Amino acid sequence: MSAETDVLIVGGSVAAVRAAEAISRHAPAVRVTMVSDEPHLPYERPPLSKTALDGTLDLSALTYPSVAGLREHGVEFVTDTRVTSLDVEGRTVSTTAGDITYGAAILATGCEPIFPPMFRQLPDVFVLRRFQDAVALRAAVADRRKSVAVIGAGFIGGEFAATLATVGRPVTIVDLATKPLGRFGDPVASEYAALHRDSGVTLVLGDAVTGVEDAEAGRVLRLASGATVPADVILLGIGVRPSTGWMENSGLTLDNGVVCDSTLRAADGVYAAGDAVTWPNERFGATMRIEHWTNAAEQGRAAGINAANAVTGLAPIDCVTVPYFWSDQHGVRIQFSGFIRGDEEIVECPGPGGSLYLYAGGDTLHGVLAFERRAEFVKIRAMLRRETTVGAARDILSVGA
Ligand SMILES: Cc1cc2nc3c(=O)[nH]c(=O)nc-3n(C[C@H](O)[C@H](O)[C@H](O)COP(=O)(O)OP(=O)(O)OC[C@H]3O[C@@H](n4cnc5c(N)ncnc54)[C@H](O)[C@@H]3O)c2cc1C
């Protein structure tokens with residue numbers, strides 16, 4: 001590991017890779033070192049919850065294709081090494097393998113899953129974030145006699161439940177909320193719940209897990225209502241939090257992630273990108289933190305350019321994105337684009353092949369969510385790059401995809 005570099009990237013996932021790609025294109029002479037605490041080269045996370053149980057998770061197939069070229073270009077990939085602290089003034093980080101001094105740094109340490117204490121000492125309880133998590137979880141559910149409970153009806157839990165249901169495995173999702181994906185409104189919550197129920201997933205909503213008990217027929221979750229749910233294997237899908245603990249003594253502002261300006265600058269010579277970042281997104285005039293792949297990729301690119309510019313003395317660019325996610329469950333692609341505050345009117349747009357909802361703030365279009373309806377979704381997503389109206393989106397729909 002080099003003790004000195006031009007741009008140091010902390011983290012080894014999509015934001016980090018896109019940053020390295022941007023630097024190698026934008027400023028090829030700039031030296032880049034990427035330090036990750038994972039034992040692997042950067043790989044895609046989305047397939048970890050979606051890959052069919054009768055298929056195999058192949059790490060080499062998941063590894064970002066650009067990694068080989070970046071290595072040839074001279075990017076130094078340091079794995080299995082944790083960055084433990086940051087000295088902003090001294091432009092130095094400490095790692096488990098020694099110190100590194102940098103010209104500019106990009107913090108791309110993403111998020112880590114929430115693992116409540118009540119589950120920590122128990123066997124066969126999993127989170128799903130890293131490759132090893134997926135390998136361990138898939139090994140645990142390989143025995144078809146084992147019951148599986150997913151706690152949390154969000155995307156990770158929903159996707160893994162769908163992966164199980166697809167091969168005919170019984171699975172129960174338990175969620176405290178009465179409406180899964182409730183922040184997208186009642187019609188979306190109902191449709192999401194129906195998608196799971198119609199595909200064989202048992203949904204227990206509006207009930208809290210109060211304990212885990214061993215029963216005669218196997219382990220169960222005890223719920224606040226008194227009900228029990230079979231749970232030989234438990235997947236916790238109750239959310240993530242920014243991996244910023246290691247920055248605590250750095251002097252950076254940490255508040256729901258590392259707080260950056262519109263150029264993703266957190267401090268002099270320090271940029272950040274990805275799930276761990278809170279920044280003002282000028283497209284929506286709002287400060288936000290986004291936990292989705294495309295945003296991490298887009299921020300990685302912007303932070304890469306800005307870190308290289310900091311080294312070469314050029315001005316930074318703003319990072320402006322239209323948040324987007326996709327999720328694949330039970331053969332249905334769910335996609336959202338935009339930014340909603342929760343007080344929008346939800347406009348249902350009936351049409352063949354799925355459902356599509358527009359989020360209206362007065363006449364202004366704030367977002368779009370679709371179950372399938374892919375061609376129409378793509379067009380409306382593109383419109384959202386600029387401020388647009390609900391009427392303009394409806395015109396697209398009436399013309400047809
Ligand atoms: C199973 C799964 C499925 C998903 N599916 C979708 C999907 O379908 N659609 C979608 O939009 N999004 C999806 N996501 C979310 C998407 O993968 C994330 O938004 C994206 O990975 C965020 O990238 P990131 O680079 O910001 O951080 P992360 O991917 O969280 O990576 C952070 C990296 O930093 C490393 N790190 C952390 N702390 C340190 C440290 N102190 N020192 C060194 N290294 C450190 C971590 O080990 C990791 O390599 C999914 C996520 C998961 C887990």
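1. In this predicted model, residues 24 or more positions apart account for 61% of the contacts in the protein chain, counted among those with a separation of 6 or more. The secondary structure of the protein chain comprises 11 helices and 26 strands.

2. As to overall dimensions, the protein chain has a radius of gyration of 22 Å, which agrees with the value near 21 Å that a compact globule of 401 residues would have. Taken along the principal axes, the C-alpha atoms of the protein chain fill a box of roughly 60 × 55 × 35 Å.

3. On burial and surface, 54% of the 401 residues of the protein chain count as buried. The area that the protein chain exposes is about 16,800 Å², and carbon and sulfur atoms supply 50% of that area.

4. Turning to charge, the protein chain carries 35 positive and 47 negative side chains, and the centres of these two sets lie 3 Å apart.

5. A point on the cysteines may help a new reader, since a search of the whole structure finds 0 disulfides. Cys260 is in no disulfide, and the nearest cysteine sulfur, which belongs to Cys319, is 9.4 Å away. Seen from the other side, the sulfur of Cys319 has its closest cysteine sulfur in Cys260, and this distance of 9.4 Å is too far for a bond, because a disulfide requires the two sulfur atoms to be within 2.5 Å.

6. Are these two cysteines, Cys260 and Cys319, buried or exposed? Cys260 counts as buried because its relative accessibility is 7%, under the 20% cut-off, and Cys319, with a relative accessibility of 3%, counts as buried too.

Definitions and conventions. Residues numbered from 1 in each chain as written. Predicted model: local features only at pLDDT ≥ 70, side-chain atom pairs only at ≥ 80, totals over all residues. Heavy atoms only, no water. Helix = DSSP H or I, 4+ residues; strand = E, 2+ residues; numbered from the N terminus. Rg over C-alpha atoms; globule rule 2.2 N^0.38 Å. Buried < 20%, exposed > 50% of the residue type's maximum accessible area, 1.4 Å probe, protein only. Contact = heavy atoms within 4.5 Å. Areas by Shrake-Rupley, 256 points an atom, 1.4 Å probe, with all protein chains shown as cover. Lys, Arg positive; Asp, Glu negative; His and termini not counted. Charge placed at Lys NZ, Arg CZ, Asp CG, Glu CD.
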